Amino acid sequence: MGIRFQEVSFHYPQNQLTYYQAIANITLDIESKNEFICLVGRTGSGKSTLAQHMNALLLPTSGTLEIFGTKITAKRDKKTNYNSLRKHVGLVFQFPEYQLFEETVEKDIMFGPLNFHTGIDEAKEIARETLKLVGLDESYLNRNPFNLSGGEKKRVAIAGILAFDPDILVLDEPTSGLDPRGKTQMMELFKEIQDKTGKSIIIITHDMDLVYEHASRVVVLYDGELIYDESPKALFKREGLEKYHLQYPSPIRVLKDLKERFDLDLDIYQRNLSDAVTALKRAVK
Amino acid sequence: MSYIEIKDLSFSYTKKRQILKNIGINIEKGEWIAILGHNGSGKSTLAKTIVGLLEPGAGSITVDGIKLDQDTLQSVRRKIGIVFQNPDNQFVGVTVRDDIAFGMENLCVPKAEMLERIEYFATKVGMEKFLDKEPASLSGGQKQRVAIAGILAMQTEIMIFDEATSMLDPYARGDLMEHIKKLHNEGLTIIMITHEIEEALLADRLVIMKDGAIFADGPKEELLKKPDLFQGSALELPFSLRLANQLTGAGFEEVRGYLWESAFRK
Amino acid sequence: MRNIVIGQYLPGSGFFYKMDPRTKIMGVIIMMVAIFLLETIVQLAIALAIGIVLMILGRLSIIRIARGMRPLFVLLIFTFFFQILFNREGELYLQESMTVSLSSIGGIILLTIIWRLLARFKRFRFFLLLAYLVGIFFAFSLLTYGYTFTTFTFSIYERGVEMSVFVVIRLLVIITLSTILTLTTKPTDLTQGLESLLRPLKIIGIRSEDFALIISISLRYIPTILDEANKIMAAQASRGADFQQGKLKDKIRQIISLLVPMFIIAFKRSEDLADAMETRNFVPGMKRTRIHELAFNMTDAFASLFILCSLAASIVLRVL
């Protein structure tokens with residue numbers, strides 16, 4: 001179960017108007033439980049195209065894609081209910097402005113469940129619960145989503161997806177535009193959601209510090225091809241990631257610099273500040 | 001008298017909530033300052049008041065001896081250019097050439113001179129090969145560089161970057177910062193509005209805003225030494241300085257010193 | 001990302017491209033008047049021939065122009081049949097009695113089904129439509145079996161045939177003229193040409209500069225807004241909005257879920273854009289210089305001469 005890409009490619013015939021980057025020969029397996037995957041790659045590497053295959057917004061040009069047991073092929077199949085697949089895989093777009101439209105937060109969160117034929121009373125109850133899950137209290141239910149701060153809007157948008165209880169949650173650059181505290185809180189939120197619900201979470205991001213600290217698996221795209229699919233630890237031990245426009249996380253960069261400057265016997269692959277401090281103290285003493 | 005003087009500036013949309021509270025900043029010619037603040041601290045509102053898009057409730061702004069008001073608005077805007085956050089929402093022209101020309105057209109620059117300046121400033125930001133391209137075929141970073149060229153072509157002396165890198169990926173961000181460094185070296189006064197400490201550290205001086213007021217203002221080396229500067233705020237020191245601050249006690253002086261020094265290395 | 005071209009503009013280098021948009025706009029208008037002055041098929045055929053020669057000289061692909069006209073074929077066919085059916089002057093060419101009977105209606109239903117089934121061969125759309133219409137004619141005239149509801153006479157007269165050919169050629173020439181204009185003129189140049197030509201409207205208080213700026217900004221933002229609409233649709237589809245199915249009530253809500261974000265983002269965009277324009281010293285109504293200045297050159301002079309001669313020629317033909 002989960003999502004299975006087998007040699008999936010996507011491209012438009014030439015000269016046709018398209019906003020999507022092509023992807024080629026993607027083979028990838030995503031479990032339906034407890035994954036924490038970061039999808040990285042420079043702008044235009046095909047991350048969003050790949051993400052939009054995960055809930056069948058885009059159909060592969062070639063290859064097989066399987067979403068929770070349903071085979072998706074290039075031809076739109078009348079028997080396949082694409083909509084019901086989207087209930088399994090929730091996709092949160094980068095800008096909450098793309099989806100917020102109701103006059104209250106409550107109604108906006110209810111939009112998804114109602115589309116998936118949940119009753120009104122139940123949907124109301126769900127809205128209350130999911131709002132709590134994304135860290136906003138009940139006073140937000142009757143507020144206008146357009147008067148919220150950027151971070152709050154993002155949370156409401158995420159609640160709008162969580163409301164129909166997808167097994168896999170895909171988020172496109174959820175921390176962009178947030179200040180450092182906003183970023184940390186957002187990442188904590190995802191951890192918490194995963195702890196409470198066991199959902200698989202996939203995040204598209206450019207922030208390698210977040211990848212290194214939080215992800216259990218990184219998928220790297222470059223020019224539409226999947227070049228690495230491994231743990232962050234293994235990825236950042238590789239040399240020469242710069243040629244794929246990937247930065248090394250700050251702990252590795254800073255510790256590497258120190259190691260070379262002071263000729264220390266230091267393990268530079270530390271995932272956070274406190275580990276880095278401990279390792280450094282040990283090395284200097 | 002300073003080049004830019006902001007005195008007792010206040011601003012509010014409604015009576016209830018004051019967005020800017022008694023802001024006072026003096027900026028010298030050729031300086032590079034970073035205005036650092038959390039989301040909603042009022043830093044972008046400040047930028048909009050400086051360029052006369054919002055009218056302050058109280059206080060004054062003086063640029064190069066000219067006090068900003070309705071009569072002097074256009075002459076102040078000739079001196080200050082601003083690059084906004086969203087690359088797509090500030091591209092006026094149908095092509096790169098047209099967009100760079102837009103400001104000059106408003107200043108009634110003759111056509112021959114416009115063409116010359118377009119060539120020169122497009123080359124300066126590395127966009128000379130894209131003059132006939134439409135915005136849909138440009139990346140966010142390229143659009144921001146076109147915006148810079150358009151402002152430079154108006155022979156502006158001060159440039160404000162209002163979170164101009166926040167919608168770019170790290171690579172484009174670094175590239176844009178390199179261009180800003182170059183501009184500063186050529187004598188442009190730069191005001192950089194951001195919540196990214198790494199970007200702020202490229203400036204000479206930091207102004208930290210919190211809830212609409214100035215929380216701290218001074219040379220970056222001095223400010224960042226205060227241990228509780230970012231305590232309880234949404235901002236954060238860069239990793240190297242957080243690491244240095246954790247290395248208390250004897251035996252770490254050398255490492256600490258090196259980390260400090262490298263954090264300020266441009 | 002690929003360049004998104006708005007309108008039909010196709011980059012090229014023939015003399016049509018070198019002309020001032022004002023000459024082209026005025027030229028198309030004057031030529032249309034001249035075409036309407038012509039009275040016989042022969043005159044029109046000569047005009048069409050001259051047009052084709054000019055297109056060849058101007059290195060325009062006739063195939064490309066024909067392709068651009070494809071959406072208008074339906075209009076041409078309609079005009080053609082309208083003239084043939086309802087013009088009842090001159091000598092009678094053909095008279096056929098038509099029967100609306102059970103069998104003819106059955107035949108037409110059968111034809112319609114076959115036609116719709118073949119509709120996916122888009123390339124032969126035009127011929128299929130023709131074949132379908134001819135089929136209907138024969139169904140009415142030959143299938144007389146079964147209960148007869150009513151009968152009528154289908155007749156074609158000399159004048160009807162003449163007029164239908166005449167009108168179709170005239171339409172063809174006019175469409176070709178405007179296609180040449182849009183194919184060889186960038187949308188920006190087109191707006192600038194219009195701006196320049198509409199300048200006299202200042203007398204009645206309409207500022208053509210504002211109008212031109214609005215159009216050029218709209219042109220610039222069309223691809224951006226399309227891209228955005230696409231993303232909003234995807235975002236709402238991700239929340240289970242199904243734009244194809246569902247009850248009317250659900251459909252309305254789903255359309256609102258598209259329109260509200262589009263409007264809100266567009267408002268924000270226009271506010272930002274106004275800020276950016278204002279800080280670059282834009283003041284509505286103030287004098288500005290222009291990077292694109294329209295220039296009248298030798299090609300324009302020749303073209304104008306040619307256009308005026310054509311007009312004179314058609315006036316002479318009309319009067320004689």
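This note sets out points on aromatic pairs, charges over rings, a surface patch, backbone angles and one buried helix in a predicted model.

1. Aromatic pairs. Over all chains, the structure holds 22 aromatic pairs. One of them joins A:F101 and A:F111, which meet edge-to-face, with 4.8 Å from centre to centre and 80° between the planes. This pair links distant parts of the chain, the two residues being ten residues apart. A:F101 belongs to the loop between β6 (89-92) and α3 (105-115) of chain A, whereas A:F111 belongs to helix α3 of chain A. Both rings belong to buried residues: A:F101 has a relative accessibility of 6%, and A:F111 has a relative accessible area of 0%.

2. A pair within one helix. In chain C, the ring centres of C:F263 and C:F267 are 6.4 Å apart and the planes stand at 40°, so this pair is classed as tilted. The two residues are four apart in helix α11 (residues 248-279) of chain C, which means that about one helical turn separates them. C:F263 is partly exposed, at 48% relative accessible area. C:F267, at 53%, counts as exposed because the limit for that class is over 50%.

3. An aromatic cluster. In chain A, ring pairs connect A:Y212, A:F236 and A:Y248 into a cluster.

4. Charges over rings. Two such arrangements may be noted. In chain B, the charged end of B:K210 is placed over the ring of B:F215, 4.6 Å from the ring's centre. In chain C, C:R116 lies over the face of C:W115, and the distance to the ring centre is 4.8 Å.

5. A nonpolar surface patch. Chain C carries a nonpolar patch of about 730 Å² on the surface. The patch is made by C:L110, C:I114, C:L118, C:F121, C:F124, C:F126, C:F127 and C:L130. At least two residues of the patch come from each of α6 (102-118) and α7 (125-142) of chain C. C:L130 is located in helix α7 of chain C. With a relative accessible area of 31%, C:L130 is partly exposed; C:L130 can therefore be part of the patch, for which residues must have over 30%.

6. Positive phi angles in loops. Most residues other than glycine have a negative phi. Against this background, two loop residues of chain B deserve the reader's attention. B:D64, which is not a glycine, has a positive phi of about 50°. B:D64 is found in the loop between β4 (58-63) and β5 (66-67) of chain B, and is partly exposed at 36% relative accessibility. For B:Q155, also a residue other than glycine, phi is positive and near 55°. B:Q155 is part of the loop between α5 (140-152) and β7 (158-162) of chain B.

7. An enclosed helix. Which helix of chain B is largely enclosed by the rest of the structure? It is helix α3 (residues 96-106), because ten of its eleven residues are buried. The buried residues are B:V96, B:D98, B:D99, B:I100, B:A101, B:F102, B:G103, B:M104, B:E105 and B:N106. They pack against α4 (111-124) and α5 of chain B, together with α11 of chain C. Helix α11 of chain C also holds the tilted pair of C:F263 and C:F267. Just after α3 of chain B, B:C108 adopts a positive phi of about 60°.

How values were computed: Residues numbered from 1 in each chain as written. Chains lettered and ligands numbered in written order. Predicted model: local features only at pLDDT ≥ 70, side-chain atom pairs only at ≥ 80, totals over all residues. Heavy atoms only, no water. Phe/Tyr/Trp six-rings, centres within 6.5 Å; stacked < 30°, edge-to-face > 60°. Buried < 20%, exposed > 50% of the residue type's maximum accessible area, 1.4 Å probe, protein only. Lys NZ or Arg CZ within 6 Å of the ring centre and 35° of its normal. Patch = residues over 30% accessible without salt bridge, like charges linked within 9 Å, V, L, I, M, F, W, Y side chains within 5 Å. Areas by Shrake-Rupley, 256 points an atom, 1.4 Å probe, with all protein chains shown as cover. Salt bridge = Lys/Arg side-chain N within 4 Å of Asp/Glu carboxyl O. Contact = heavy atoms within 4.5 Å.
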